[in-house]
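Work through the exercises below with the model open. Each has a task and a stepwise solution.

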Amino acid sequence: EAEETNMKENGKLNISGNTRTVLERRYLRKALDGTLQETPEGLFRRVATHIAEAEGFYEDGLDPSAVADAFYGVMTDFRFLPNSPTLMNAGNELGQLAACFVLPVDDSLDGIFDAVKNAALIHKSGGGTGFSFSRLRAKDCRVGSTGGVASGPVSFMKIFNTATEQVKQGGTRRGANMAILRVDHPDVLEFIQCKSDNEALNNFNISVGVTDAFMQAVREGGDYDLIDPRNGETRGSLNAREVYETLIHQAWFNGDPGIIFLDRINRDNPTPALGEIESTNPCGEQPLLPMEACNLGSINLSKCVVTDGGKARIDFDSLKEIVWLAVRFLDDTIEMSRYPLDEIDQMVKGNRKIGLGVMGFADLLYMMGVPYNSDEAVGLAEKVMGFVQTEAHEASRHLAVSRGPFPNIGKSVFKGDENRAYRNATCTTIAPTGTLSILAGCSSGIEPVFALSYVRRVMDGDELLEVNPLFETMAKERGFYSKALMARIAETGTIAHMEEIPEDVRRVFVTAHDVSPEWHVRMQAAFQNHTDNAVSKTVNLPREATADDVQSIYDMAFDLCCKGVTIYRDGSKQNQVLSVAEKK
Ligand code: CDP
């Protein structure tokens, strides 16, 4: 049943299994009483037609109906999908199409509550919001107008969290938030601990924004200054190594906080004259200026593998075609999206950032017989993403010829550089593709496959055995498939220890926990090398990993020029989202 679920038959989409469930639950238009008002074909036609309308805005734009057909084709082949808000809202009343926003939080009650309100509007439209709380005065600072004392960033975050809880995104998903605090903010220690009670701030991911100067102080064992955000004056100092160790211990304990490398991010800021980047979107892959938004899209790499004479290879010609079409799609999306605030509309249309990325990378490796934890896989990552990046830039430059470069280019690092006269200030981002990958039936983002087989609990209490389709096909071909074996694999998700399975199969069909943390980081760094924005990646650690292990991951991510790192130690969250037996 799971085989070839998404194949087209006689022009009609033949959709079943998880794809259908996700479409029905999350994406298809529904009447108030819950009855479905569109088919999957209708959804993709709605999205394609709406986005292609933008072609009509340009003097030498292409024929909108031909472009709509091309968009429809690439989406219904599940070769490319735009981020969820585009699928949900294109051509609908809300019309907000971007997944990622960053909002400023100014140091005043007005500023704070403006941000709460704007976040609520964004969540309603299916977008996620990131904030830097670094501008807020520290806890216990005097408040001039009342003579009282300030309650500090962490206490205000709770207001954002509660507001988020009350606004279910677009009626379908709850808003996601990112909170960043600079490591030199006086409240940094409170911030590091603020999620240690797992339920507090449950609608936030948190990350400490560290600087190169801090990392150097860690290495030298010295102190660093805490800075009062109101006036830039020094307000005491802390020992860098002690703060780093506290941060690492907390991340080891329950996954939060993550860490982002602010200087590394700002070295890639294409428009430093417009301001410093202080935050990313909720899952960390999209650094943005305050009031900036970005729409994402992902190419399914598992559809770019062809087999010639029994040997699998990447079809770069078809990949190139998809990249060019996807860049056009994402640029058109900017025109068609309705932004919840005028300031956001202006920022987005000034920089025109888009974030094209990939999903299904682990599937591609399975298909090519390359273990994720190998130099060969890291080399393939560099090659594939390097290609996507080069072609995306070329496609963006090509669009700029007829549509003009992004309006702020004169204030950007590309000023006067003919070879980089882009339509878009950034072109590439690696998203988590949490839902998109289920729709496309591929592995998510650039993550290794989580489990080759697992038990899914469905609503009525039944349990279903889900086997990775590539693994199932291969196991049948090689003659070792049996239901009993698949059930046994589901106990741990991995086959690494199963001697009855051929050695070469065990080497290639690795899962997240078979891949050592070092390989996770190396893979993230390989993709980051060829990505304008950032890379969403979780470095999985076994339950028995130590705080020292976490530290070496952080050090390595910094040394390999990642823009941030998120770790997760198995079992460290009470409500563990990704336990083998309960995934999805
Ligand atoms: O697969 P899908 O397009 O739904 O989303 P994703 O790639 O997993 O996440 C991309 C971005 O969408 C996140 O980084 C958030 O900015 C946003 N998002 C959100 O706001 N709320 C969610 N529940 C999931 C994603």
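**Exercise 1. Describe how domain 1 and domain 2 meet.**

Step 1. Start with the separation: the centres of domain 1 and domain 2, taken over C-alpha atoms, lie 30 Å apart. Domain bounds come from an automatic or database domain assignment.

Step 2. List the residues on each side. Domain 1 brings 34 residues to the contact and domain 2 brings 30. Contact here means heavy atoms within 4.5 Å.

Step 3. Take the area. About 2,500 Å² is buried between the two domains, and carbon and sulfur atoms give 69% of it. Buried area is the accessible area (1.4 Å probe) that two parts lose on being put together, summed over both.

Step 4. Find the main contributors on domain 1. Leu-288, Leu-289 and Pro-290 supply 20% of the area that domain 1 buries against domain 2, more than any other three residues.

Step 5. Check the polar terms. The interface of domain 1 and domain 2 has 0 salt bridges by the rule (a side-chain nitrogen of Lys or Arg within 4 Å of a carboxyl oxygen of Asp or Glu). Across this interface, 7 residue pairs are in polar contact, both residues at pLDDT 80 or more. A polar contact is a pair of N or O atoms within 3.5 Å; within protein, one must be able to donate a hydrogen and the other to accept it, and residues adjacent in sequence count only if both atoms are side-chain atoms.

Step 6. Map the domain 1 side. Elements that each supply at least two residues to it include α1 (17-27), β15 (292-300) and α12 (342-351). Helices (H or I, at least four residues) and strands (E, at least two) are DSSP runs, numbered from the N terminus.

A note on the source: this is a predicted model, where local features need pLDDT of at least 70, side-chain atom pairs count only at pLDDT 80 or more, and totals for chains, interfaces and linings use all residues. Residues are numbered from 1 along each chain as its sequence is written, and side-chain values use heavy atoms, with hydrogens and water left out.

**Exercise 2. Locate the ligand's surroundings.**

Step 1. Count the neighbours: 19 residues surround the ligand (a heavy atom within 4 Å). Among the closest are Ser-84, Glu-285 and Thr-433.

Step 2. Look at backbone partners. A ligand oxygen is 2.7 Å from a polar backbone atom of Thr-433. For Thr-435 the distance is 2.9 Å. For Gly-128 it is 3.1 Å.

**Exercise 3. Inspect the backbone at Pro-257 and Phe-78.**

Step 1. The Asp-256 to Pro-257 peptide bond is cis, with omega near -5 degrees. Pro-257 sits in the loop between α9 (240-254) and β12 (258-261).

Step 2. Phe-78 has phi near 55 degrees, a positive value in a residue other than glycine. Phe-78 belongs to the loop between α3 (64-76) and β3 (80-82).
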